[in-house]
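Reader: Could you take a close look at one side chain for me, and then work outwards from it? I'd like to know how it sits in the model and what lies around it.

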Amino acid sequence: MNVTVENLAPCKKLMRVELETEKVDGAFEEVTREFQKHARLPGFRAGKAPRHLVMKAFTAQIDDEVRRKLLSESFREALREQQLDLVGRPEIEETQFGRGQPLQFTATFETAPEFELPDYKGLPVRREVRIVTPEDVERAVGILLEQRVTYVDVARPVASGDFVVVNYRGTCDGKPITEIAPTARGLTEKKDFWLHVAEGSFIPGFTEQLVGASAGEKRTVTVQYPADFGESELEGLTGVYEVEIVQVKEKQTPELNDALAQAYGAETVEQLRAGVQRDLENELQHKQKRDTRDQLVRELLNRVTCELPESVVLSETKNVVYDIVRENQERGVSRESIDQNKEQIFAVANNSAKDRVKASFVLGRIAAKEGIKAERDEVARRVVLLAERYQIKPEQMIKQLQERNGFAEVEEQIISGKVLDYLEEHARFEEILPGAPK
């Protein structure tokens, strides 16, 4: 077999392959014999039809099977011979094929990046010295109390700290605000809108002007939109609002007692605090581990310089863009705003994708060198966890993974996690005070 390779780009190759006539004819003979063993032709028992009749009846099928067999086997052999690590699917173009002649084809494909593995043992990691304090526990308990607050109507004028339900309509220079800022529909008019009467709430200076008003009363509120307000068309302009106070509400926080603790699954307040402490310690441990891994990956990436396969980066960029758009939509960002920032979103996603792809190749090389693999029981446990996360049966998850070739991704995730555990085990830690630069 004659193989030549041309570099089209740092991670893109053009391979030309010519396979000897003898091997082509040998493949035709082998495939023809297999067809002859099973062929059913009129007047002959299965497997007893003459060779020339089988070849005539199944010419197209034999040619297709020989072509498939030779292209697949010779391409894999050429990759091994040239020591090339294929990434993605190749584009194979047959240029010559037939009995009595050599097979010739070209293959265009991308390969894994070439780089020297840096010294990955003893990577530096700076870890904050943190513990869960009683103050942390009390803050967390306070958040639990906030989840049980109630808002009670009160028959008195608005006071600072209250919540009010209002109807309002705003103008700017006598015009509806949407004529100046078309996307600011929520600033133009609202009904039954809840506001916290506190400094800086809603539009700066708005709620303070409601203090002293009673339910049913109307007030005119004048505000100046600050420079960092978020609606560039309104920055520095003055808005005038006609506001009707619908309800005045007082926030009531429940008492911390055993009854409240039982609502959260604890018998007593002491047990509730103990449970909160455990949760905070687990959260802290998880955060420190995540931060450690981020530092390890960042240090590895800084020590490796290489080009990356364009198709892999583009595919990962699309995944990151999807994640960014979904997260923005969940936070209430409008489709219009997302479209306006699509170039910035793509740029951010592309940079993130490059880091992810590069990290994947580096971690994969470390795994190969250290003999780190994904065991069958580890894959099985991960499949069960995925099934629980998506609330489907494990059998359904297995089927979905098989349909989209997802088991390779599951194995890669397991291997990457084990490599990061290995790097953490061999890292060089420096303990630092909270807030110190890393």
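Author: Happily! Arginine 67 is partly exposed, at 24% relative accessibility; buried would mean under 20% relative accessible area and exposed over 50%, with partly exposed in between (1.4 Å probe, protein chains only). Please keep in mind that this is a predicted model, in which local features need pLDDT of at least 70 and side-chain atom pairs count only at pLDDT 80 or more, while totals for chains, interfaces and linings use all residues. Residues are numbered from 1 along each chain as its sequence is written, and side-chain values use heavy atoms, with hydrogens and water left out.

The partner of arginine 67 is aspartate 64: the two form a salt bridge, with their closest N and O atoms 3.1 Å apart. A salt bridge here is a side-chain nitrogen of Lys or Arg within 4 Å of a carboxyl oxygen of Asp or Glu. Aspartate 64 is partly exposed too, at 47% relative accessibility. Both residues belong to helix H3, and because they are three residues apart there, about one helical turn separates them. Helices (H or I, at least four residues) and strands (E, at least two) are DSSP runs, numbered from the N terminus.

Now let's see what this helix rests on. H3 covers residues 59-82 and lies across S1, strand S2 (12-19), S3 and S4, running at about 55° to S4. Such angles run from 0 to 180 degrees between N-to-C directions, with axes being lines fitted to C-alpha atoms, for helices over the stretch in contact. The four strands make an open, antiparallel sheet in the order S1-S2-S4-S3. At its edges stand S1 (2-9) and S3 (86-96); each has a single partner strand, so one side of each lacks a neighbour in the sheet. On average, neighbouring strands are turned by 20° against each other, direction ignored.

S3 and S4 (residues 103-111) pair antiparallel over seven bridges, where pairing requires that DSSP finds at least two bridges between two strands. Along this pair, glutamate 91 faces threonine 108 in S4, and glutamate 94 stands opposite phenylalanine 105. The two strands form a hairpin with six residues between them, and glycine 100 in the turn has a positive phi of about 75°.

What does H3 contribute to the nonpolar interior? It gives the most to the largest nonpolar core, with seven residues. A nonpolar core is a set of buried Ala, Val, Leu, Ile, Met, Phe, Trp, Tyr and Cys residues joined through side-chain atoms within 4.5 Å. Of the 27 residues in this core, those that touch the most other members are Met15, Val17, Val66, Leu70, Phe75, Leu103 and Phe109. Two or more residues come from each of S2, helix H1 (21-38), H3 and S4. Leucine 103 is a good residue to follow here: beyond its neighbours within four places in sequence, its contacts (heavy atoms within 4.5 Å) include Val17, Val24, Leu70, Leu71 and Phe97. A second, separate core has 24 residues, among them Leu300, Phe361, Val362 and Ile372.

Leu300 also turns up in the surroundings of leucine 423, which touches Tyr120, Leu123, Leu296, Leu300, Leu363 and Ile366, not counting residues up to four places away in sequence. Leucine 423 sits in helix H14 and is buried, at 1% relative accessibility. Its C-alpha atom is 6.5 Å from that of lysine 121, although the two residues are 302 apart along the chain.

Back to charges: the salt-bridge count comes to 29. In one of them, arginine 126 meets glutamate 430 at 3.5 Å, N to O. Arginine 126 is in strand S5 (residues 124-128) and glutamate 430 in strand S12 (residues 428-432), so this pair ties together parts 304 residues apart in sequence. Another joins lysine 251 to glutamate 146, with the closest N and O atoms 2.8 Å apart. This pair links strand S11 (residues 238-252) with helix H4 (residues 134-146) over 105 residues of sequence. Finally, Lys289, Arg293, Asp421 and Glu424 are linked in a network of salt bridges.
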